[in-house]
Protein chains: 2
Amino acid sequence: MTDAFPPPSVPCHACPLRLLPVFSKAGDDEIEFIQSFKIGELNAKPGAAIYLEGTDSPHLFTVLSGWAFRYKTLPDGRRQILNYALRGDLIGLQNTLSGPMEHGVEALTDVRLCVFSRDKLVGLFAAQPVLALGITWLAAREERFLDDHLLSIGRRTSEERIAYLLWHLSVRARESGLDIGNGFDLPMRQQHLADTLGMSLVSFNKTLQRLRSQGCMSLNGRRLVIHDEKALIAVAKADPRRPERRPFI
Amino acid sequence: MTDAFPPPSVPCHACPLRLLPVFSKAGDDEIEFIQSFKIGELNAKPGAAIYLEGTDSPHLFTVLSGWAFRYKTLPDGRRQILNYALRGDLIGLQNTLSGPMEHGVEALTDVRLCVFSRDKLVGLFAAQPVLALGITWLAAREERFLDDHLLSIGRRTSEERIAYLLWHLSVRARESGLDIGNGFDLPMRQQHLADTLGMSLVSFNKTLQRLRSQGCMSLNGRRLVIHDEKALIAVAKADPRRPERRPFI
DNA sequence: CGCGTGCTTGAAGCGGGTCAACAACAGTGG
DNA sequence: CCACTGTTGTTGACCCGCTTCAAGCACGCG
């Protein structure tokens, strides 16, 4: 279950994540280029800002281990969580060029990140078309997540929303090789989940009770267990996509 | 105000849209490549499906003129409009590789589209890094729109939501060179706007009345007029971004 | 003129938001 | 070891906003 990452910085060609079956294989020259693209590594503690809304960040990040989330806020503090980032996810692409970031990213657990220079992106596109396509593929994937999320918040009932989100998170955890068996620990509080789904904490909690009583899943403390995935998918009105290998930058 | 596009297919180097100041200039070889990337053109009547959810589409599209929208639906028919597409917008990138489209696209007005082959995307990335970066830039832009939209539906009040959407649409219309003065015709019905904002038609209408009475904008029939943009932005709790040139594929 | 589509308005009911209190638990420091 | 404190989860009470249902209006078109 743990996705702990060895503390000392590891050269890209020896990156243990590359070995995971979820990620497509990269050529030696590509890995070498990624190495030159890489500036360093960053560790963030739970609750730490990886970057803030409105600030300039000359970096891109790949999550090596841990969980983080992207969010936006309104001037009066209302917060909307946009998406979560697990290992293998690329963060910060939303602003391709310069200018202040329009969203923030915060760590949920201890997070270890690979840091890249945004400036070198042009060079990457020039020299490594396969990697460039990979980056675009990851952006398209993120966009699909946002589409799904928008459908959830806009048109699903609160019960459907929660079912969808929990299923979505379990799939992503499994796909990033984290999941053991049918249950795992969610690192976020109910407040995070409510902020993700556009609902209040109280309403989230009460709806969760109702979902629990249906028996297809349970979420007690941090522990999420999917007892009957088929049923959960049916409640969520989700449509499962077959998993694909994805690029790893 | 009109963005009518000359009916006969036009070679890319003579594409009148390229001349618009919103779009960044492209080199001759790039335009030539785009020409080879292009399969043909497509006209769609209002209400026509450009592609449907769940079907395979081997194409990418650039809007040459008119309005369209991307949407997703739930099995029982509830619809969520994800975003609108105006001229210069690239559609269909959300699924980079093969597999069924996870959203649909429908024309709101007469729409003229430039059709590209998805297969040739790999070749484009290999041969034209600047165009490739442009595509990624457009994807990132779309993602920012989705982020904003998610914040709207999740955390803005219905009044704020409508104000934000109308402001957003007016900015995009202006940026694509469509807008004349302070008013223009929105091609969508109230039902579309309600489906965009995750609210019911009735509630949309009633909230719109309240907004109208504040005087900073008016929307009668199709005609949207922004009387006081500053005030509208304040109501929407939006933060204006300075316009940037964007790539045109 | 009649029909259809889209907009507007009223009435009624429920879902979810807010407020508030309490329980469970972990961490802190005396 | 235990009171103290802060965080997180849970539950109840109340009420506002939004949804649904329903009807009428305005306009365009055959």
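These legends describe close-up views of a predicted model.

**View 1. Helices H5(B) and H6(B) pack against each other.**
H5 of chain B covers residues 190-197, and H6 of chain B covers residues 201-214. Their axes lie 9 Å apart. The angle between them is about 100 degrees. Angles of 65 to 115 degrees count as roughly perpendicular. H5(B) and H6(B) are therefore roughly perpendicular to each other. From H5(B), the contact uses Gln190(B), Gln191(B), Leu193(B), Ala194(B) and Leu197(B). From H6(B), Leu201(B), Phe204(B) and Asn205(B) take part. By class, five of the contact residues are nonpolar and three are polar. No charged residue belongs to this contact.

**View 2. Four strands of chain B form an open sheet.**
The strand order is E1-E8-E3-E6, and the pairing is antiparallel. Strand E1 (38-44) and strand E6 (90-91) of chain B stand at the edges. Each has a single partner strand, so one side of each is left without a neighbour in the sheet.

**View 3. Strand E3 of chain B pairs with E6(B).**
E3(B) spans residues 59-65. Two bridges join E3(B) to E6(B), in the antiparallel sense. Where does Thr62(B) find its bridge partner in E6(B)? The partner is Leu90(B).

**View 4. Residues of chains A and B surround DNA strand C.**
The surrounding residues number 15. The closest from chain A are Ser158(A), Ser200(A), Val202(A) and Ser203(A). Gln190(B) is also among the closest. Three elements give two or more residues each to this surface: helix H6 (201-214) of chain A, and H5 and H6 of chain B. H6(B) has the largest share, with six residues. The surface near DNA strand C holds five nonpolar, eight polar and two charged residues.

Gln190(B) therefore links two views: this residue is in the contact of H5(B) with H6(B), and is one of the closest to DNA strand C.

**View 5. Chain A meets chain B.**
Chain A brings 37 residues to the contact, and chain B brings 36 residues. On the side of chain A, strand E5 (79-85), helix H2 (121-127) and helix H3 (129-155) each give two or more residues. Which element gives the most to this side? H3(A) does, with 19 residues. The side of chain A that touches chain B has 18 nonpolar residues, nine polar residues and 10 charged residues.

How values were computed
Residues are numbered from 1 along each chain as its sequence is written. Chains are lettered from A and ligands numbered from 1 in the order in which they are written. This is a predicted model: local features need pLDDT of at least 70, side-chain atom pairs count only at pLDDT 80 or more; totals for chains, interfaces and linings use all residues. Axes are lines fitted to C-alpha atoms, for helices over the stretch in contact, and angles run from 0 to 180 degrees between N-to-C directions. Angles under 35 degrees count as roughly parallel, over 145 as roughly antiparallel, 65 to 115 as roughly perpendicular and the rest as oblique. Two residues are in contact if their C-beta atoms, placed from the backbone, lie within 7 Å. Ala, Val, Leu, Ile, Met, Phe, Trp, Tyr, Cys and Pro count as nonpolar, Asp, Glu, Lys and Arg as charged, and the others, Gly among them, as polar. Two strands pair if DSSP finds at least two bridges between them. A residue is near a molecule or strand if its C-beta atom, placed from the backbone, lies within 6 Å of it.
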